[in-house]
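Here are a few worked exercises to try with a viewer open. Have a go at each task before reading its solution.

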Amino acid sequence: MFSERRKVDLVLISFWVLLVSAGLMAIYSTTHGPAAEFLPQSVRDNFMRQLLWAGLSLVALGAVLALPIRFFQTMAYPIYGLTLVLLVITLAIGREVNGAKAWLYFGPVGLQTSELAKVGTVLAVARLLSSRQARVDTVRYALAAVGLILLPAGIIILQNDTGTALIFLALVPIMLFWSGLPMATVLLVISPALAGYLTVVYWPAALAFAVLFTVGMYWRTREAYMGVLAGLFTGGAAAAASFALAYVLKPYQLARVISFTNPESEAFRKTYGFHLVQSKAAIGSGGLWGKGFMQGTQTQGAYVPEQSTDFIFSVIGEEFGFVGAGLVVLLFTLLLIRLIRLGSECRHPFGMLVAAGVAGVILIHVFINIGMTTGLLPVIGIPLPFLSYGGSALLTHTLMLAIVLDLHRRRDDFSIFV
């Protein structure tokens with residue numbers, strides 16, 4: 001038993017401890033400092049609830065480490081199916097929170113089922129793409145993997161939780177790339193997202209990107225159909241985004257999307273750009289070393305909305321400055337590198353793809369969350385893994401780390417189940 005425990009990667013666990021501790025410290029600052037007088041009791045209790053969820057997540061980590069590799073491989077599809085059922089039940093009878101019908105309540109305990117669906121989706125896609133048939137019939141299995149990802153994403157969109165759905169959609173290029181598809185195909189898959197983003201920011205840039213990408217794809221592959229697909233994907237995405245901005249989105253939705261381009265303008269600074277203005281003010285005022293724990297004026301004045309959840313990074317930026325924020329980013333970078341290394345050491349497609357999927361989920365969360373708190377991306381309600389308040393998210397991300405840890409420490413068992 002002792003030798004088994006020694007195989008667990010303590011470096012990855014150390015990163016988890018440091019990130020969770022940083023999150024608890026920031027949540028404590030927002031809920032127990034001078035800002036507490038401006039907050040309702042339910043928000044002031046966030047620290048204790050998050051502390052309890054951290055303990056529960058640690059127990060769950062230990063439980064996962066006791067499971068054999070066979071469990072994850074044989075139960076990947078059933079777990080995926082179970083999470084789909086939970087999503088449908090949530091859509092039917094779930095409770096609406098902040099406009100999204102994404103929560104199932106069991107007494108006083110709320111569970112965001114879309115978070116658990118990330119675990120099932122990563123396992124199912126990894127199981128599919130690591131099969132022997134997928135190594136031969138790559139295109140058909142790649143399309144099947146995309147279908148596995150789009151199904152939960154579609155249900156989550158119906159729950160009106162577009163931010164979480166984006167996490168699933170962004171998994172498509174990541175999982176396909178690690179499955180061995182050519183880079184040109186992966187770039188083709190992600191090109192619509194880039195074209196759509198540029199359309200929101202500045203449509204001439206989207207047009208230029210579509211032309212250059214189409215020409216570059218044809219030059220790179222020397223295949224006419226790849227050039228045609230590149231033009232259809234990028235041009236179609238730009239056209240669809242323009243149509244949605246003009247005719248589909250409601251006025252308040254449109255304002256949220258475009259406010260990030262100039263949140264300080266008179267049209268947005270007191271409404272949809274308020275979050276960004278206050279968040280950027282908090283981060284910028286932190287300077288190099290920060291104002292000190294529980295000393296941030298923006299934080300303790302409760303000027304930044306949702307500061308213990310989606311905007312937790314602004315607390316760190318203000319109270320611990322560029323150095324503190326940089327250390328958090330460094331911790332995430334090291335954690336992601338460690339995940340990929342552990343996956344590569346598994347030397348089996350299933351283990352490698354699970355690690356890549358888990359790293360992808362965390363990377364997308366970090367990229368979008370820090371991007372929106374610094375004004376580089378629209379505010380879409382994505383938490384910062386391990387730091388933001390939220391029991392479902394903390395438990396889910398911990399479970400995913402635990403699965404990678406277990407697959408890595410039992411990597412010698414993979415040869416039996418190829």
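**Exercise 1.** Which charged end sits over the ring of Y105, and how far is it from the ring centre?

*Solution.* Start with the ground rules. This is a predicted model, where local features need pLDDT of at least 70, side-chain atom pairs count only at pLDDT 80 or more, and totals for chains, interfaces and linings use all residues. Residues are numbered from 1 along each chain as its sequence is written, and side-chain values use heavy atoms, with hydrogens and water left out. Next, the criterion: NZ of Lys or CZ of Arg has to be within 6 Å of the ring centre and within 35 degrees of the ring normal. The charged end that sits over the Y105 ring belongs to R95, at 3.8 Å from the centre.

**Exercise 2.** Work out the strand order of the open sheet and say which strands are at its edges.

*Solution.* Count elements first: the protein chain has 19 helices and three strands, taken as DSSP runs (H or I, at least four residues, for helices; E, at least two, for strands) and numbered from the N terminus. Then look at pairing, which takes at least two DSSP bridges between two strands.

- β1 and β2 are antiparallel and share three bridges; here E96 faces K101 of β2.
- β2 (residues 100-106) and β3 (residues 109-112) are also antiparallel, with four bridges; F106 is opposite V109 in β3.

Put together, the order reads β1-β2-β3, an open sheet with antiparallel pairing. The edges are β1 (95-97) and β3, since each pairs on one side only. On average, neighbouring strands of this sheet are turned by 50° against each other, direction ignored; the axes behind that angle are lines fitted to C-alpha atoms, for helices over the stretch in contact, and angles run from 0 to 180 degrees between N-to-C directions.

Finally, check the turn: two residues separate β2 and β3 in their hairpin, and G107 there has a positive phi of about 70°.

**Exercise 3.** Find two residues other than glycine with a positive phi, and classify their exposure.

*Solution.* Some background: most residues other than glycine have a negative phi, and most peptide bonds are trans. For exposure, buried is under 20% relative accessible area, exposed is over 50%, and partly exposed is in between (1.4 Å probe, protein chains only).

1. N160 has a phi of about 70°. Its place is the loop between α9 (138-158) and α10 (162-178). With a relative accessible area of 44%, N160 is partly exposed.
2. R347 has a phi near 55°. This residue lies in the loop between α17 (312-346) and α18 (349-373). At 61% relative accessible area, R347 is exposed.

For context, 50% of the 418 residues in the protein chain are buried.

**Exercise 4.** How many aromatic pairs are there, and why does F177 with W178 count as edge-to-face?

*Solution.* Rings of Phe, Tyr and Trp (its six-membered ring) pair if their centres lie within 6.5 Å; planes under 30 degrees apart are stacked, over 60 edge-to-face, and the rest tilted. That rule gives six aromatic pairs. For F177 and W178, the centres are 5.9 Å apart and the planes are at 85°, so the pair is edge-to-face. F177 is partly exposed at 35% relative accessibility, and W178 is partly exposed with a relative accessible area of 35%. Elsewhere, ring pairs gather Y28, F47, F293 and F320 into a cluster.
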